[in-house]
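Q: Got a minute to go through this one with me? I have the sequence and the coordinates open.

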Amino acid sequence: MLQHLVNGLIQGGIYALIALGYTMVYGILGMINFAHGEIYMIGAYLGIISLAVLTAIGGPISGLPILCLFIALIISVVFAAGYGFSIERVAYRRLRHAPVLSALISAIGMSTFLQNYIMVAQGKENKAFPAFFKEPLISHPYLVGGARISLLEIVIIASCVLIMLGLHLFISRTRIGRAMRATAQDKKMAALVGIDINRIISLTFIIGSALAAAGGVMVSMYISTTRFDVGYMTGIKAFTAAVLGGIGNIPGAMLGGFLLGVVETLGIAYISPDYKEVYAFVILMLVLIVRPTGLLGERLAEKA
Amino acid sequence: MAIEDKNQSRSRLWRDLSLTGLVALWFGLITLPIVGIKMGDEGVTWRLGPLVIAGLVLAGGLIWLGISRWKGFTNFISQRLLAPLHHTADQMAKPAVIKWETASILVLLAVIPWMLPAKHLNLAVDTGIYIILALGLNIVVGSAGLLVLGYAGFWAIGAYTYALASIMLGCPFWLGLPLAAAVTGLCGLIVGLPCLRLRGDYLAIVTLGFGELVRYLLKNLPGLTGGEKGLPNEYQTGAINHPQIFGWVLKQPIHYYYITFIMVVLTIIIIERLNSSRIGRAWIALREDELAATSMGINTTKLKILAFVISAVWAGFAGVLYTAKMNYITPEAFRFDQSALILAMVILGGMGNTFGVILGAVILYILPWFIRDQMPAFQDYRLLIYGATMVLMMLFRPQGLISSKRRQVELSSAEG
C-alpha cells in the first residue's frame, strides 16, 4: 500500500509539473495548448540526446554522472523553452483574436506536427535512457515502513515540490508574477496599465515548457525509456489533472496532479492494469460533467 | 518627400530581410539537438538537418517577402484560382435545381468504375467512406460549431455493432445500417446530454476522452470484441455478412463502389436539405451567437444534441459500410489519428460547406494514398504534413479552401 502511494506520488508530481503548463496557458489565453504534451516528450528526447553527446565527448566529465544529469537537464529545459516560445509565436499569436475553434485546431495541428517531427528526426523505436547515469541514484534504496524508496524517487518528488513552490512564489510575490496574474484577469486592462501582454504570454509559454521538459527528463530517467508518442497520453492525463484541480488555478493543478497519480496507481494495483489509461479519462469526464470548475476552481465560473 | 519614402521603404526592406535571417537562424538553432544529432549504438553522429531547415525557412521567408510585395500574385490567386471554385460551390449549394454540371459529374462517377482496376476501385470506396464520415462530422463541427475530437469513437461503435450483430445473429447488411445508426445515435445522446452544457473546448476534450475510452474498451474486452485481435477471431468465429440483394451477394469491389456511391449521394442530399431547413438555419444562428439565438427562442440544448446525434448516426452508417467492406476490424483502425484526419478533411475543405468538405476528404485521402503507393520514401512525412497544414490553414485561410459564405463573414469579423 505504502509502495503504491509512493509510486503514485512520483507519477502525480510529474503530472502536476505538466499540468501547470496547461493551467497557466489556459488562465491567460483561455485555450487548451494541445501541443504541451509534445513539449514534455521533446524534453525527454533532449535529455537523452544531451547525455548521448556528453558520453560521446567523454573525458573527465563523463566520470561525474550527477553533473552530467544536471547539464542534460539544463540543456533540455532551455531548448524546450525555445520550442514553447516558437510554438506560441508561430501557431497561436496570430489567432489570439480568432474564434476559440481556430486556435484549438491550430494547437491540434501543432501537436501532430511536433510528434511526427520527432518521429522523422529520431526514429520510431523506443529510446533508452542511458543506465550509467542513473545508476548511483538507484543503487541503494531506502526501506521506509515496508516500501522501497530509491534516492532517485526522493529526488524526483523533492524537485517537483521545490519547482512548484518556486513557481507559486514567483507568481504570487514578484512583479512579473503580478503582471501575469493581471494579464490572466483582463488582458485589455493589463495592457492599459503598461504591461507588455506579448511578453507575458511568451513568458508563460517559456515557463510552462521548461517545467514540462523537466518532467520529461525525470520520467524518462525513472522509467528508463521514451518514445515519440508518449506526449499524447501524458498530455491528456496532465490536462485531466489541471481540470481536476480547477483549470487556471495553479495550486489546483498541483493538487490535481498528485491526486490523479495516486488514484491511477491504486487503480492499476487494485482494479486492473489493463485499464491503466482509462482511469484518467473516466476521472476527466466525471469531473467535467459533475463539477466543471474542478476542486479548487472558481475562476472558470466567472469566465464562462 | 519622395526620397524620404524611398529611404523608408528601403530600411523596411532591410529590417524584413534581417528579421527573416534571424528567424531562419533561430529555427536552425532549436532544431540542432533533435535534427542535427542522430543517436546510434556507437555514440552520436552529426547531421546537416538544421542547416537544411534554416535554409528552408530562409527561402520560405524570402518568397513570402516577395509575394507580399508583389500585389499581382495575390490577385491572381484570389481571382483566377479561388473564384471559379467558389462559383462551383455556389452552384452545388442549390439543391432544388439539378444543374447540368452536377448531373454530368454524377453520370461520370456512375460510369467510371467499369474502366478502373480493382486497386483504384478500393481506393474510391475508401474515399467514399471518408466522405460520409467527413460530411457527418461537418454537421456537428461545421454547422453547429461544436468541436468533436472523438468522432472515430462513434465510427468504431457503428462498426463493432454491425460486426457483432452479423457474427452472432447473422444480421444482414441492410438491417445493420439502421441498427448501427440507432446504437451510435443513442451513444451520441448519452455522451451529448451531459456535455453540451460545457464550453466548446471542454466538449472537445470530453469527446476526445470518449473516443479513446471506446478504443480501450474494445481492446480490453477480448471475450466480446476479440481485444486487439479484432473481429472475427477464434472466439467469434462467424463471418461478417456482405450486402445482399434478393440472394445475390454483393462482394466485388465494383458492388461496393455503387453502394458507397449511392450512400454518398443520399448523404449529400439529406445533409443539404437539412442545412437549408429550419433546423439547419437554427444551427447556424447557434454557431454564430448562442446568446442571440437563445433570445430568438431557439432551444439551444435540444439543437446541439440533435446535431450531435445526427452526426453520430452518420458515423454509424460509415462504420457498417467499412466493416462490410473490410470483413475484419480491429480497435487500432479507430485511433485518434482517424478522428484528427476526418477533422482535417472538414477544415481543409471548408467548415460548413458540403462541396468543400467532399473536396477536403478527397484530397486528404487520395494524396496520402498516392504518396504511399508511388513515393513510399515520403510515407513518414504524411502526418507531419497534415499537422503543418492544419496550422497553416488556421493561420492563413481559416475558412478552408472553399468557404461557406456565412462562415466567411463570421470568421473575418469574429473577435475574442
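**Salt bridges and the chain contact**

A: Start with the network of salt bridges that links B:E212, B:R215, B:K219, B:E332, B:R335 and B:D337. Keep in mind that this is a predicted model.

Q: Which residue does B:E332 form a salt bridge with, and how far apart are the closest N and O atoms?
A: The partner of B:E332 is B:R335, and the closest N and O atoms are 3.4 Å apart.

Q: What else does B:R335 form a salt bridge with?
A: B:R335 also forms one with B:D337, where the closest N and O atoms are 3.5 Å apart.

Q: Are those residues buried or exposed, starting with B:E332?
A: B:E332 is partly exposed, because its relative accessible area is 32%. B:R335 is partly exposed as well, with 33%. B:D337 comes in at 30% relative accessibility, so it also counts as partly exposed.

Q: How many salt bridges over all chains?
A: The count is 13 over all chains. One that links distant parts of its chain is the pair of B:E290 and B:K304, with the closest N and O atoms 3.2 Å apart.

Q: Where do those two sit?
A: B:E290 is in helix α13 (residues 290-295) of chain B and B:K304 is in helix α14 of chain B, with their positions 14 residues apart in the sequence.

Q: Buried or exposed, for B:K304?
A: B:K304 counts as buried, because its relative accessibility is 8% and the cut-off for buried is under 20%. Its partner B:E290 is at 38%, so B:E290 counts as partly exposed.

Q: On to the interface. How many salt bridges does the rule find between chain B and chain A?
A: Zero across that interface. For polar contact, the count between chain B and chain A is seven residue pairs, both residues at pLDDT 80 or more.

Q: Which parts of chain B supply the side that touches chain A?
A: Several elements of chain B give at least two residues each, including α1 (2-30), α2 (32-36), β1 (37-39), β2 (44-46) and α9 (200-219). Further along the chain, α15 (336-349), α17 (382-396) and α18 (405-413) also do so. The largest share comes from α9(B), with 12 residues.

Q: What is that side made of, in nonpolar, polar and charged residues?
A: The side of chain B that touches chain A has 41 nonpolar residues, five polar and nine charged.

Q: How much area do the two chains bury between them?
A: About 5,400 Å², and 76% of it is on carbon and sulfur atoms. Of the area that chain B buries against chain A, 14% is supplied by B:I34, B:M39 and B:Y202, more than any other three residues.

Q: And how many residues does the contact take from each chain?
A: It takes 65 residues from chain A and 55 residues from chain B.

Q: Give me one on the chain A side. What does A:N116 touch?
A: Setting aside residues up to four places away in sequence, A:N116 touches B:L383 and B:L384. A:N116 is placed in helix α4 (residues 100-122) of chain A.

Q: Is A:N116 buried or exposed?
A: A:N116 counts as buried, because its relative accessibility is 5%.

Q: Changing topic: backbone. Which residue in chain A has a positive phi although it is not a glycine?
A: A:S224 is one, with phi of about 70°. It is worth a look because most residues other than glycine have a negative phi.

Q: Where is A:S224?
A: A:S224 lies in the loop between α9 (197-223) and β4 (225-226) of chain A. At 27% relative accessibility, A:S224 counts as partly exposed.

Q: What about phi of B:N327?
A: Phi of B:N327 is also positive, near 65°, and this residue is not a glycine either. B:N327 lies in the loop between α14 (300-326) and α15 of chain B. Its relative accessible area is 23%, so B:N327 is partly exposed.

Q: Last topic, cysteines. How many disulfides over all chains?
A: The count is zero over all chains.

Q: Are A:C160 and B:C187 buried or exposed?
A: A:C160 is buried, with a relative accessible area of 1%. B:C187 is at 19% relative accessibility; the cut-off for buried is under 20%, so B:C187 counts as buried too.

How values were computed. Residues are numbered from 1 along each chain as its sequence is written. Chains are lettered from A and ligands numbered from 1 in the order in which they are written. This is a predicted model: local features need pLDDT of at least 70, side-chain atom pairs count only at pLDDT 80 or more; totals for chains, interfaces and linings use all residues. Side-chain values use heavy atoms; hydrogens and water are left out. Contact means heavy atoms within 4.5 Å. Buried area is the accessible area (1.4 Å probe) that two parts lose on being put together, summed over both. A salt bridge is a side-chain nitrogen of Lys or Arg within 4 Å of a carboxyl oxygen of Asp or Glu. A polar contact is a pair of N or O atoms within 3.5 Å; within protein, one must be able to donate a hydrogen and the other to accept it, and residues adjacent in sequence count only if both atoms are side-chain atoms. Helices (H or I, at least four residues) and strands (E, at least two) are DSSP runs, numbered from the N terminus. Ala, Val, Leu, Ile, Met, Phe, Trp, Tyr, Cys and Pro count as nonpolar, Asp, Glu, Lys and Arg as charged, and the others, Gly among them, as polar. Buried means under 20% relative accessible area, exposed over 50%, partly exposed in between (1.4 Å probe, protein chains only). A disulfide is a pair of cysteine sulfur atoms within 2.5 Å.
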